[in-house]
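Reader: I would be grateful for a close look at one part of this structure, namely its sheets and what surrounds them. Please set out how the strands are arranged, and then turn to the helices, the ring pairs and the empty space.

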Amino acid sequence: MALYAMGDLHLSFQSDKNMDIFGKVWRNHDKQIDKNCNKFITDDDTLVLVGDHSWGRKLEDCQLDLQFIEDLPGKKVLIRGNHDTFWQAKKTNRLNEKYKGRLFFLQNNYYPYGDYALVGTKGYCYEGFDTREHAAMLVEREAKRLKESFEAARADGYEKFVMFLHYPPTGIGEKTSRFTFMAKAYGVEQVIYAHCHGEERFHDSLLGKVDGVRYSLVSGDYLKFKPMKVMD
């Protein structure tokens with residue numbers, strides 16, 4: 001049994017969104033995902049997909065994308081990404097009922113993995129596309145959702161955590177954030193995030209061990225679509 005992670009699949013089986021324009025690493029990336037997941041992951045393993053799963057705007061527009069994910073080996077846990085408009089936070093329970101036993105949607109809840117609880121939320125950081133006031137509001141909203149994940153796991157007796165965010169835990173040039181403080185406060189061992197595309201973005205946020213917490217970027221193009229092993 002092993003835990004793997006990868007983000008930003010950006011599947012588009014039902015939409016006209018070709019990722020090839022973003023570089024050769026994206027050519028036939030769906031085939032790369034399928035090949036590498038089947039090479040490294042077994043049905044006893046767990047794969048956390050860290051947001052931006054599908055370009056489908058509504059649930060009916062991404063059925064083939066979700067079916068592709070469902071057909072990958074292992075147990076699949078999904079985090080919301082900024083492009084996952086098919087998934088409204090308030091409808092997470094409905095998605096978990098619909099895909100019960102096939103996919104698990106992680107939002108305001110947790111996923112058990114041995115002695116660990118997998119917790120997570122979309123997250124947010126300032127990237128210059130909105131005001132700092134609006135960004136701060138979104139960070140607080142996501143931090144509140146993340147706290148619900150932690151507290152639900154704690155209430156069930158979990159004391160070990162792996163934390164997942166779609167957005168990086170800090171903005172460019174920042175060393176700390178609301179999310180890094182939460183990671184330290186709850187004794188998180190690892191923080192896994194995605195969202196950063198292209199070599200110029202791969203070092204936007206924390207990498208490696210910082211204040212006792214290991215930070216890892218798992219964007220699909222960063223990993224060349226080979227899932228990263230988080231732990232055995």
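Author: The description begins with one open sheet of 5 strands, in the order 4-3-2-1-11 and with mixed pairing. The model is a predicted one. At the edges of this sheet stand strand 4 (103-105) and strand 11 (228-231), each of which pairs on one side only. Direction ignored, neighbouring strands of the sheet are turned by 30 degrees against each other on average.

One pairing in this sheet may be followed residue by residue. Strand 1 (residues 3-6) runs antiparallel to strand 11, and 3 bridges join the two. Within strand 11, Met228 is the residue that stands opposite Ala5. A helix also accompanies this sheet: helix 2 (residues 63-71) lies across strand 2 (46-49), strand 3 (75-78) and strand 4. The angle between helix 2 and strand 3 is about 135 degrees.

The other sheet to consider is likewise open and mixed in its pairing; it is formed by 6 strands in the order 5-6-7-8-10-9. Strand 5 (111-113) and strand 9 (208-210) are its edge strands, each pairing on one side only. From one strand to the next, the twist averages 25 degrees.

Inside this sheet, strand 7 (residues 160-165) and strand 8 (residues 190-193) pair in the parallel sense, with 3 bridges between them. Val162 has Gln190 in strand 8 as its bridge partner. Helix 4 (residues 132-155) packs on the sheet and touches strand 6 (116-121) as well as strand 7. The direction of helix 4 makes about 165 degrees with that of strand 6. Helix 5 (residues 178-185) packs on the sheet too, in touch with strand 7, strand 8 and strand 10 (213-217). For helix 5 the angle is taken with strand 7, and the directions make about 165 degrees.

The aromatic rings come next. The count of aromatic pairs is 12. One of them joins Phe150 and Phe161 in an edge-to-face arrangement, with 5.1 Å from centre to centre and 80 degrees between the planes. This pair links distant parts of the chain, since Phe150 belongs to helix 4 and Phe161 to strand 7, 11 residues apart.

There remains the empty space. The largest pocket has a volume of about 560 Å³. Its lining comprises 23 residues, and those closest to the centre are Phe22, Trp26, His197, Gly198 and Asp221. By class, 9 residues of this lining are nonpolar, 7 are polar and 7 are charged.

As for enclosed space, the count of cavities of 30 Å³ or more is 1. The largest cavity holds about 40 Å³ of space. Its lining is made up of Cys125, Tyr126, Glu127, Pro168, Thr170, Gly171, Ile172, Arg201 and Asp204. These lining residues divide into 4 nonpolar, 2 polar and 3 charged.

Technical notes: Residues numbered from 1 in each chain as written. Predicted model: local features only at pLDDT ≥ 70, side-chain atom pairs only at ≥ 80, totals over all residues. Heavy atoms only, no water. Pairing = 2+ DSSP bridges. Helix = DSSP H or I, 4+ residues; strand = E, 2+ residues; numbered from the N terminus. Axes fitted to C-alpha atoms, helices over the stretch in contact; angles between N-to-C directions. Contact = heavy atoms within 4.5 Å. 1 Å grid on protein atoms, 1.4 Å probe; cavity = no way out; pocket = protein on both sides within 12 Å on 5 of 7 lines; lining within 4 Å. Points joined across faces, edges and corners; volume = space filled by probe spheres on them. Nonpolar A, V, L, I, M, F, W, Y, C, P; charged D, E, K, R; others polar. Phe/Tyr/Trp six-rings, centres within 6.5 Å; stacked < 30°, edge-to-face > 60°.
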